[in-house]
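Thanks for coming. I have one model to go through today, and I will begin with how far it can be trusted.

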Amino acid sequence: MNESFVEAGSPGWAFWRAAADACIGLIVGTLYAFLGILVAGIVGEEALSSLYSELDLDPIFRASMGVFLVAAAVLGFGTPLVFVAERIAALRAVERLPAGAVPPRPLRVSLSSSPYAVMRTTGTVLFWCAAGLGAFFALAALFTEDLREDIETWIVLGGCLLFVAIGWGLRTAGRSGLDRTIGRLQALWSSWKKGVPAAEAADARRRVAAVEVDAPRWLITPGARFVNRIALALTIATVAALAAFMLSVFLRQQCRSCEPVHWNQPIENGIDVLSLSSGTAILICAVLGLAAWIGGVLLQALREVALARWVRDGRARRVDPELIEPLVAENRAAVRLEHGLCAAGAIAVIFAGGMSWAGADAGALPVVAAALIVLGLLVGWSDAGRRRRERQTIRDVLFPGDAARAGDDTAKAKGIVHRRSPRS
C-alpha cells in the first residue's frame, strides 16, 4: 500500500469549520471591544473630562459592558458546541479517505481526543452554572417577599431550569458519544502510527528524485524574520503604552476601594498628559497593528495565488519544505480575513447593543454588524473547496512531507485516545 498525505474535506466539514473560525473572530472582537471601552472610558474621564461629558459617552460605555457580558456568556457556551460539530464532521471526513491516505498533521492533532469530550465538559459547566444561579434566586425568593411577587424572578428561575436541562442533556449526550467514538479514534491512530512514517518517507524519496529549483522571490521576500521583527516591535510598543496607561490610573487610585488621590497642580497635569499620551499611543499601536495585519493577509493571499499558478503544470520540483509549510499547514488568507470581519462585526454588535440599551439611536450599525459577520462566514466557507484543491496540488508537486517540523505527535495523541475518560 502506498501511503501519502491527502487533504481531507466534505461539504459538512467545510461549513462547520467556517463556523468555528467565525466564532474565533467573534471572541477576538469581543475582547477588543472590552479593552477599547475600558481604555476609552478611563482616558475620557481622566484626561478629556470636558469633551467626554459633552459627548455623553459614559451611559453608552456602561451599557456596552452589559452587552459584552451577554456576548461573553453566549460565546463561552456556544463556541465549544460549534467546535464539537466541527470535529465530528472532520472525523467523518477523515474516515472517508481511501486506504493509505494520511491526513495532514494539524488535522490529526485536532482528532487526538474525542470531540464528545468537549460536549460533556460544556454540558457539565452549563449544568452547574445554571443550577447555582437558580439556587441563588430560589433562596432569595424564599426569604424575600418582594422577589416572590415579581414575575421577573420566576422567569429567571424558569430560564435556569431550562439551562439545567440543556446542560444535563449535553452531558449525557457527550458521555454516550465518547463511548461510541473511542474505538473509531483508536483505529485511526493505529493506522496513522504506521502510515505517517511511510508517507513521510515517500515524500522524501519523491523530493530527492525531483528536479531542484530556486525558490521564487515572491515566496521568500519579505522573509519570516522581517515580519516577526515588525510584530515584536509593535508588541513591545503596545505593552509599554499599556504600562504607562496603567501607571496613570494607579497614580490617581491605588486600589478599588481606596479614595482617589489628589496631587498638586503640576503633578495632576503631568498625570493627565501621561494618561492622554499613553491612550493615544495605544490607539496608534492598534492602527499600526491593523495595518500590519491587513498587509500580512494581502501578502499571504498573493503568495497563495502565485504558488497555485506555479504548481499548476503538475511538474515535480524540489524547494525547501520550510518555505512551503506555512502555506499548507497554517490558516489561509481567507480564514484570516474571516477572523477580521467577524471580529469587526462583534465590535459593532457590542456598541450597537450598548447604544440601544442606553436609549441612543444605533442607526444602521446593527445591520452593518450582521453583514460583517455573515460576510466573514461566507468568505471562509467559500474558500474550503479551493483550499483543499490547491493544497493537494502543492503536496503532489512539491512533496513537503508532514508540513510541521515540531515533530510528530502520533504517540502522544494515541496515548490520549487510549486513556478512556472516566464516566461521570
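This is a predicted model, so confidence comes first. Ranked by mean pLDDT, the elements of the protein run from helix α15, residues 410-418, which is lowest at 39, to helix α13, residues 365-382, which is highest at 95. Over residues 405-424 the pLDDT stays under 50. The model still has 43 contacts beyond four places in sequence for that stretch. Where pLDDT is low, the predicted coordinates should not be read in detail. For the protein as a whole the average pLDDT is 85, and 90% of the residues score at least 70.

Now the overall picture. The protein has 15 helices and four strands. Of its 424 residues, 38% count as buried. Taking contacts with a separation of 6 or more, 86% are between residues 24 or more positions apart. The accessible surface comes to about 23000 Å², and carbon and sulfur atoms account for 66% of that.

Next, a pocket. I will take the second largest one, with a volume of about 640 Å³. Which residues are closest to its centre? They are W13, R17, E86, P106 and R387, out of 30 that line the pocket. Six elements are listed as giving two or more residues to this lining: α1 (11-46), α3 (58-95), α4 (105-110), α11 (321-329), α12 (333-357) and α14 (384-398). The most comes from α1, with seven residues. By character, the lining of this second largest pocket divides into 14 nonpolar residues, ten charged and six polar.

Last, one residue: R332. Where is R332 placed? It is in the loop between α11 and α12. Is R332 buried or exposed? Its relative accessible area is 6%, and the cut-off for buried is under 20%, so R332 counts as buried.

What is R332 in contact with, leaving aside neighbours within four places in sequence? The list is Q300, E304, D383, R386, R387, E390 and R391. One of these, R387, came up a moment ago as one of the residues closest to the centre of the second largest pocket. There is also a C-alpha to C-alpha distance to report: R332 and G380 are 9.2 Å apart in space and 48 residues apart in sequence.

That is what I have on this model. I will take questions now.

Methods. Residues are numbered from 1 along each chain as its sequence is written. This is a predicted model: local features need pLDDT of at least 70, side-chain atom pairs count only at pLDDT 80 or more; totals for chains, interfaces and linings use all residues. Side-chain values use heavy atoms; hydrogens and water are left out. pLDDT is the predictor's confidence in each residue, from 0 to 100. Contact means heavy atoms within 4.5 Å. On a 1 Å grid over the protein atoms alone, a cavity is a set of points where a 1.4 Å probe fits but cannot get out, and a pocket is an open set with protein on both sides within 12 Å along at least five of seven lines; lining residues have an atom within 4 Å of a point. Grid points are joined across faces, edges and corners, and a volume is the space filled by probe spheres set on the points. Ala, Val, Leu, Ile, Met, Phe, Trp, Tyr, Cys and Pro count as nonpolar, Asp, Glu, Lys and Arg as charged, and the others, Gly among them, as polar. Buried means under 20% relative accessible area, exposed over 50%, partly exposed in between (1.4 Å probe, protein chains only). Accessible areas come from the Shrake-Rupley method with a 1.4 Å probe; for residues, only the protein chains shown count as cover.
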